[in-house]
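Subject: Handing over the two-chain model

Hi there,

I am passing this structure on to you, and I hope you enjoy looking through it. My notes follow below the display.

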Amino acid sequence: MTQEKKRFSDTRFYPIFFMIIVSVIFVGILATFYELTAPRVKAYQQESNQKIILGLFGLPTQAPQQAFDKFIEEKQQDDIVYYEAIQQNRLLGFAFPIRGKGLWGTIDAVVAVSPDFTKIIAFDVIKQNETPGLGGRITEKKFKNQFQNKDLLQNNELVKYNLVAEDAVEDKYEISQITGATLSSRAVVNMLYNELKDIKESLGVSYE
Amino acid sequence: MSKREIFMNSAFTENSVWKQILGICSALAITNLVRNSLVMGLGVIFTLALSSLTVSLIRSYIPKRIRMMVQTLIIASYVIIVDLFLKAFMPEISKALGPYVGLIITNCIIMGRLEAFAGKNSPIDSMIDGIGTGVGYSLVLIIISFVRELFGFGTLFGFQILGDWWTKWSIMVMAPSAFFMLAILIWIIKGPLSAKKG
């Protein structure tokens, strides 16, 4: 009885061996590509964050790095990081990075609040994974700009804005939601309320 | 089959969307803006072409039992490259597409072509087939998004086309309209258009 010599490609180890080799090669390619693009991605992110914070206070955004160094000061109290905007020795307000649960993932945003904590100066979204064209529209001016100069207080309490149908806002505590994206719109309003409440408590802001 | 035939076949005759009804999920999700569809289409063409080429090159070495794993790994790698590229060089579009770039991995068209074509044919033919399939898919996305963006937003590529008099059709912005559009498109192609050819 002759026994044919088994080839390596027929053994049960071959698939394992093959998978390891293929994985190593492709992970290697990806790691290299990631390393190559990482500095660009990071620089872009930092720049766009600076632009967003400057934009909230209506400060010039052409040269973000210089403007940021000039007007914005990063502060920290307990675990809250925030930004103070000062122009010609006048305190414009505070910008707080906030975070909340969206429909598909976390929404990262910043909100600028007046120095006395009674008004929102402006609001902007940094990162979101909402449905493009629907919830993704929380990043559009039409939605974001609604928060400009919005009163934060109702009877000395932090207000939670009411959502109403698109373009049907009647009083100053209402926000018009995005058609087809009720959940994302609600996520933003809830995020603002919850985060500002926490921030207010941590920083010991009171209105009495 | 000549190279030209392979391309025409995979892009039109055997179009993966209207003939094989594959890749429907992404056709529904990202077709409300033409720009997004275009980038998505390019991403799919790139991924399909290169993963077809790669799978075809190593097709005789891939153990039969784990070929799906290998294919997924290859597809995923190219998709991540597309994602990183967009993040680094086209950050605005990357932001707009969000998670959908990553979801190219699960696009059934790609795995379908790898199984049906790249696993059995020469590398160059496979690459042409990949490009053809990708072009056919992009074509469908662009046709659908053209109509949806025009009626839903009154714009094309973000430029205002229809004036203020136009009442925007909210339904066009939402996913269900893609169902209607896709169905109408398939009907036109399979009905009136095919009938004429006899």
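How does the radius of gyration of chain B sit beside that of a compact globule with 198 residues? Chain B has 18 Å, which agrees with the value near 16 Å for such a globule. The radius is taken over C-alpha atoms, and the globule rule is 2.2 Å times the number of residues to the power 0.38. Chain A has 25 Å, but a compact globule of its 208 residues would have a radius of gyration near 17 Å.

Before going on, please keep in mind that this is a predicted model, in which local features need pLDDT of at least 70 and side-chain atom pairs count only at pLDDT 80 or more, while totals for chains, interfaces and linings use all residues. Residues are numbered from 1 along each chain as its sequence is written, chains are lettered from A in the order in which they are written, and side-chain values use heavy atoms, with hydrogens and water left out.

Chain A

Chain A holds four helices and 10 strands; these are DSSP runs, numbered from the N terminus (helices: H or I, at least four residues; strands: E, at least two). Starting at the N terminus, the order is α-α-β-β-β-β-β-α-β-β-β-β-β-α. Its C-alpha trace spans about 100 × 40 × 30 Å along the principal axes. Of the 208 residues, 44% are buried, where buried means under 20% relative accessible area, exposed over 50%, and partly exposed in between (1.4 Å probe, protein chains only).

Two loop residues in chain A have a positive phi without being glycine. Asp78(A), with phi near 50°, sits in the loop between strand E1 (72–77) and strand E2 (80–87), and counts as exposed because its relative accessibility is 59%. Gln88(A), with phi of about 45°, belongs to the loop between E2 and strand E3 (90–101); at 75% relative accessibility, Gln88(A) is exposed too.

Chain B

Chain B has nine helices and two strands, in the order α-α-α-α-α-α-α-β-β-α-α from the N terminus on. The C-alpha atoms fill a box of roughly 60 × 50 × 25 Å along the principal axes. In this chain, 49% of the 198 residues count as buried. Contact means heavy atoms within 4.5 Å, and 75% of the contacts in chain B with a separation of 6 or more join residues 24 or more positions apart.

One residue to look at is Phe146(B), in helix H7 of chain B. Phe146(B) counts as partly exposed because its relative accessibility is 40%. Leaving out residues up to four places away in sequence, Phe146(B) touches Val34(B) and Leu156(B).

The cores

A nonpolar core is a set of buried Ala, Val, Leu, Ile, Met, Phe, Trp, Tyr and Cys residues joined through side-chain atoms within 4.5 Å. The largest has 48 residues, and those touching the most other members include Phe18(A), Val70(B) and Tyr137(B). Helix H1 (13–56) of chain A gives two or more residues to this core, as do several helices of chain B, among them H4 (67–89) and H7 (123–153). H4(B) supplies the largest share, eight residues.

Beyond its neighbours within four places in sequence, Tyr137(B) is in contact with residues including Asn15(B), Met40(B), Val44(B) and Ile109(B). A second, separate core has 35 residues, including Ile80(A), Ile120(A), Phe143(A) and Leu196(A).

Best wishes
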